[in-house]
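Please examine the sequence and the model shown below. The paragraphs that follow lead through selected parts of the fold, one element at a time.

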Amino acid sequence: MSAGSHGEGEGGRRDFLIISAAAFGGVGAAAMVWPFVDQMNPSADVLALSTTEVDLSAIEPGQTVTITWQKKPVFIRRRTEEEVAAARAVDLGELPDPQTDDERVKDGHAEWLVVLAACTHLGCIPKSDQGEYSGWFCPCHGSHYDTSGRIRKGPAPLNLLVPPYQFVSDTQILIG
Ligand code: FES
């Protein structure tokens, strides 16, 4: 075997290794993409759970309950008159994500606040009735939300999100 053919043999092996690695990388990328794309299609059980009806009649003023909608926790708070008044008295200029309290509740149902229970920083579940603004406090990195679920202090950039919902009677809502 000549030195040249030995060199070619090594070159050939190197090429083979590079091609194999590239092919493996390609398979890896395809394998990564498929579950991601597949995940975008809601499964049958998620579609079935896309709306959730909630009976509000047992919730007391000042109480927050957590329900599940589309497998996500949602806070429903029956606010006291004082809490509504406090939320409405806030100067919008003080808010990192300016939104009136009125925009976050349904007409004629100001006592009810419905928000996703996910901190808008990195998604932890905030604690109710805590924090410097008597709303919610996220213990993960210290975000404070007010009685309207609006971000007031800390790293979270946005107010707690209000999911789509409607009142189907005075004591029942349909979320989704
Ligand atoms: S996840 Fe809530 S403050 Fe970071």
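**Sheets, a helix and two residues**

Strands S2 and S3 make up a hairpin in which two residues lie between them, and Gln70 in the turn has a positive phi of about 50°. The model discussed here is predicted. Strand S2 covers residues 64-69 and strand S3 covers residues 72-78; the two run antiparallel and are joined by six bridges. Individual positions can be followed across this pairing. Val65 has Ile76 in S3 as its bridge partner, and Thr66 has Phe75 in S3 as its bridge partner.

Strand S3 also pairs with strand S4, which comprises residues 112-116; this pairing is antiparallel and extends over five bridges. Here Arg78 has Trp112 in S4 as its bridge partner. The result is an open sheet of three strands, ordered S2-S3-S4, with antiparallel pairing. Its edge strands are S2 and S4, each of which pairs on one side only. From one strand to the next, the twist of this sheet averages 25°. As a general matter, strands of a sheet pair through backbone hydrogen bonds, in either a parallel or an antiparallel manner.

Strand S3 is involved in a further arrangement, with helix H3. This helix spans residues 81-88, and its buried residues are Glu83, Val84 and Ala87. Viewed down the axis of H3, these buried residues fall within an arc of 100°, so they line one face of the helix. The general geometry is that an α-helix has 3.6 residues a turn, so residues three or four places apart point the same way. Strand S3 is included in what covers the buried residues of H3. On the face of H3 turned away from the buried side are the exposed residues Glu81 and Glu82.

Is Thr52 buried or exposed? Thr52 has a relative accessibility of 17%, and because the cut-off for a buried residue is under 20%, Thr52 counts as buried. Thr52 belongs to strand S1, which consists of residues 52-55. Leaving aside residues up to four places away in sequence, Thr52 touches Thr68, Trp69, Ile173, Leu174 and Ile175. Among these contacts, Thr68 and Trp69 fall in strand S2, residues 64-69.

A second sheet remains to be described. Four strands form this open sheet in the order S5-S6-S7-S8, and the pairing is antiparallel. Strand S5 (127-130) and strand S8 (151-153) are the edge strands, each pairing on one side only. The twist in this sheet averages 40° from one strand to the next. Strand S5 pairs with strand S6, residues 135-138, in the antiparallel sense over three bridges.

Which residue in S6 stands opposite Lys127? Lys127, found in strand S5, stands opposite Phe137. These two residues are ten residues apart in sequence, and their C-alpha atoms are 5.2 Å apart in space. Apart from residues up to four places away in sequence, Lys127 touches Gly135, Trp136, Phe137 and Pro139. Lys127 is partly exposed, its relative accessible area being 42%. Thus Phe137 is both the residue opposite Lys127 and one of the residues that Lys127 touches.

Conventions:
Residues are numbered from 1 along each chain as its sequence is written. This is a predicted model: local features need pLDDT of at least 70, side-chain atom pairs count only at pLDDT 80 or more; totals for chains, interfaces and linings use all residues. Side-chain values use heavy atoms; hydrogens and water are left out. Two strands pair if DSSP finds at least two bridges between them. Axes are lines fitted to C-alpha atoms, for helices over the stretch in contact, and angles run from 0 to 180 degrees between N-to-C directions. Buried means under 20% relative accessible area, exposed over 50%, partly exposed in between (1.4 Å probe, protein chains only). Contact means heavy atoms within 4.5 Å. The arc is that of the directions from the helix axis to the C-beta atoms.
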